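Please open the structure in your viewer and keep the selection tool at hand. The tour goes from stop to stop, saying what to select and what is there.

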Amino acid sequence: DLSFKLSGSGLWQDKSGMRTNAALSFSQSSFNNEKFDSGEARVSFDDEEASSSQFLLKSDIADLSIRGAFTPASFLSNVSTGVEILSKGIAHRIKNLDSLRSFLPFQFRTASKFQVSGAGKMTPLAAQFSARIHNLYALGVAVHEPLHGACTIEGRIEGDVDSLRFSAEVMSAGFSYGAPLTGFSMSGFRAVADLAGISRLNFFESFNGTLDVQSRHGVIGKTNLSGIRAGIRSNGAEGAFDVSVLVDSTTHVEMLGTTVYREGIYQLNMERVKLGFGTTDYENADPVSLLLGQDGFQFKSFSLRRETEEITASGYFHPAGVSDLDVSVKGFLLNNLQQMIPQTRQIASLQGIGGIVSGRFLVRGDVEHPNISVDLVVDGFRSRETVFGQVETRLSYFEHLLNVYTSYRYNAVDPNAVPDMQLSGTIPYELSLSASHNHSPKGRIDLKLQSRGMRLDLLSPFLPVVSNVSGFLSCDMKMMGTVDAP
């Protein structure tokens, strides 16, 4: 329901072109269920000089200036078709990625050829533009998108949709898109793009683009990001990237590498990968190699090291599909845990823990039906001044059931010696990895605890109630029943 007054004037001469002006005044109105009391917009277009036209828009929402060799029709048609080529080209490339796994159907050879239909020949242009968007929320209402904030855009566009070049710089003190817990926001944002070879005829062969993004702070969903820096280069089937970001003020991620697209698969070769947790950094000694296809990532070669510590990964990972990932840890120092997981700093029983961890993590299945196995051995496990010895843990989870085996040896010299303590059995458990997961634990508990002379004083760091208890514990205990009635 719009209420407005429109006025305009113009001058047209056969040899010197035309000059037009228009003014739009809104009174109390509503649009897309949003009400507003008033609004003003003024537009002018001048092409009295054949090689230099000028378009000006001033309004409460945004100011726009375009100067150069163009007409409003050529600018709108080339920009809208260029955006369509870019968006549809990216979507086509992603949709037609081939499978990484041989048991899935091979589809790349039959993928449809990318093309953008549209009008015939478009008038070329060469123009500079400047936009000051004062109110992204109002613009979002107009285009049906949840936007907030403000930004400025300076750029240039030249050519036509058979060979278009677009360059721009975008700056914003702060903007957001979407709801607070599901969308994203950025502050101190700057992006510079130079996109050449945008063509509806042979986009993938002719495209050559660069994009550099920096942001002081950002939030994606519930994840806080700071010091965001990303550079992307694309030239036909080859590309390069350089990314650096601090996640939740604790984890620093750096990646530097190249990409190659061949027969429906992206190959990522990274000469530098760094994961930093506080003062603890893990880096690659050898190049990291990953493949990206229709069914996620394949880790071909992935190894991060820090002195004697090493993390390796192989297999397949798909965040929304079926995974088959194998992650191994060797020589991990347990006292680094509090730097990697800040939440553990508030857990008193984890203060001052130490030891050397080696283990293996297997992740199979999908988020609805995960199949997870964990095998860990901790040597020299200690809590502050108390030395425990060796702890071995094997966990597996599948179809709402957790299998548990944990053993403890104070003297780990003889691996065949009977454990001082051993816990084994099964527990109904619901591992929630998807938003739609709403099961509650069902089934029977079957746990068995055996102890052959365990020192009770070793429990004091974890159970303060027995801090003054000494002696040895020998027992055979069972826990059965259900979760509701154990």
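A salt bridge here is a side-chain nitrogen of Lys or Arg within 4 Å of a carboxyl oxygen of Asp or Glu. By that rule Arg-452 and Asp-476 form a salt bridge, because their closest N and O atoms are 3.6 Å apart. Keep in mind throughout that the model is predicted.

**Stop 1: Arg-452 and Asp-476**

Select both residues. Arg-452 sits in strand E27 (residues 444-455) and Asp-476 in strand E28 (residues 472-482), so the pair links parts of the chain 24 residues apart. Arg-452 is partly exposed, at 44% relative accessible area, while Asp-476 counts as exposed at 53%.

Next, add Glu-254, Arg-272 and Glu-283 to the selection. Salt bridges with shared partners join Glu-254, Arg-272 and Glu-283 into one network. How many salt bridges does the structure hold? The count is 20.

**Stop 2: Asp-295 and Arg-101**

Select these two side chains, which meet in a salt bridge with an N to O distance of 3.6 Å. The pair links distant parts of the chain, 194 residues apart. Asp-295 is in the loop between strand E18 (288-293) and strand E19 (296-306). Arg-101 is in the loop between helix H1 (72-95) and strand E8 (125-133). Are the two residues buried or exposed? Asp-295 is buried, with a relative accessible area of 7%, and Arg-101 is buried too, at 8%.

**Stop 3: Asp-194 and Arg-165**

Move on to Asp-194, which forms a salt bridge with Arg-165; their closest N and O atoms are 2.7 Å apart. Asp-194 belongs to strand E11 (residues 184-198) and Arg-165 to strand E10 (residues 163-177), so this bridge ties together parts that are 29 residues apart in sequence. Asp-194 counts as partly exposed at 25% relative accessibility, and Arg-165 is partly exposed at 40%.

**Stop 4: Val-79 and Phe-166**

Select Val-79 in helix H1. With 28% relative accessibility, Val-79 counts as partly exposed. Then add Phe-166: the C-alpha atoms of Val-79 and Phe-166 are 8.9 Å apart in space, although the residues are 87 apart in sequence.

**Stop 5: helix H2**

Select residues 136-143, which make up helix H2. Which of its residues are buried? They are Leu-136, Gly-140 and Val-141. Viewed down the axis of H2, these buried residues fall within an arc of 145°, so they line one face of the helix. To see what covers them, show the surrounding strands, including strand E3 (29-31), strand E4 (34-36), E8, strand E9 (147-160) and E10.

Now look at the two ends of H2. At its start, a side-chain oxygen of Asn-135 comes to within 3.0 Å of the backbone nitrogen of Tyr-137. Just after H2, His-144 takes a positive phi of about 60°.

**Stop 6: a nonpolar patch**

For the last stop, select Leu-2, Phe-4, Leu-6 and Phe-31. Together Leu-2, Phe-4, Leu-6 and Phe-31 make a nonpolar surface patch of about 400 Å². Leu-2 is in the segment before strand E1 (4-13). Leu-2 is partly exposed, with a relative accessible area of 42%. That value fits its place in the patch, because patches are made of residues with over 30% relative accessible area.

Definitions and conventions: Residues are numbered from 1 along each chain as its sequence is written. This is a predicted model: local features need pLDDT of at least 70, side-chain atom pairs count only at pLDDT 80 or more; totals for chains, interfaces and linings use all residues. Side-chain values use heavy atoms; hydrogens and water are left out. Helices (H or I, at least four residues) and strands (E, at least two) are DSSP runs, numbered from the N terminus. Buried means under 20% relative accessible area, exposed over 50%, partly exposed in between (1.4 Å probe, protein chains only). Patches are made of residues with over 30% relative accessible area and no salt bridge: like charges are joined within 9 Å, nonpolar side chains (Val, Leu, Ile, Met, Phe, Trp, Tyr) within 5 Å. Accessible areas come from the Shrake-Rupley method with a 1.4 Å probe; for residues, only the protein chains shown count as cover. The arc is that of the directions from the helix axis to the C-beta atoms. Contact means heavy atoms within 4.5 Å. A polar contact is a pair of N or O atoms within 3.5 Å; within protein, one must be able to donate a hydrogen and the other to accept it, and residues adjacent in sequence count only if both atoms are side-chain atoms.
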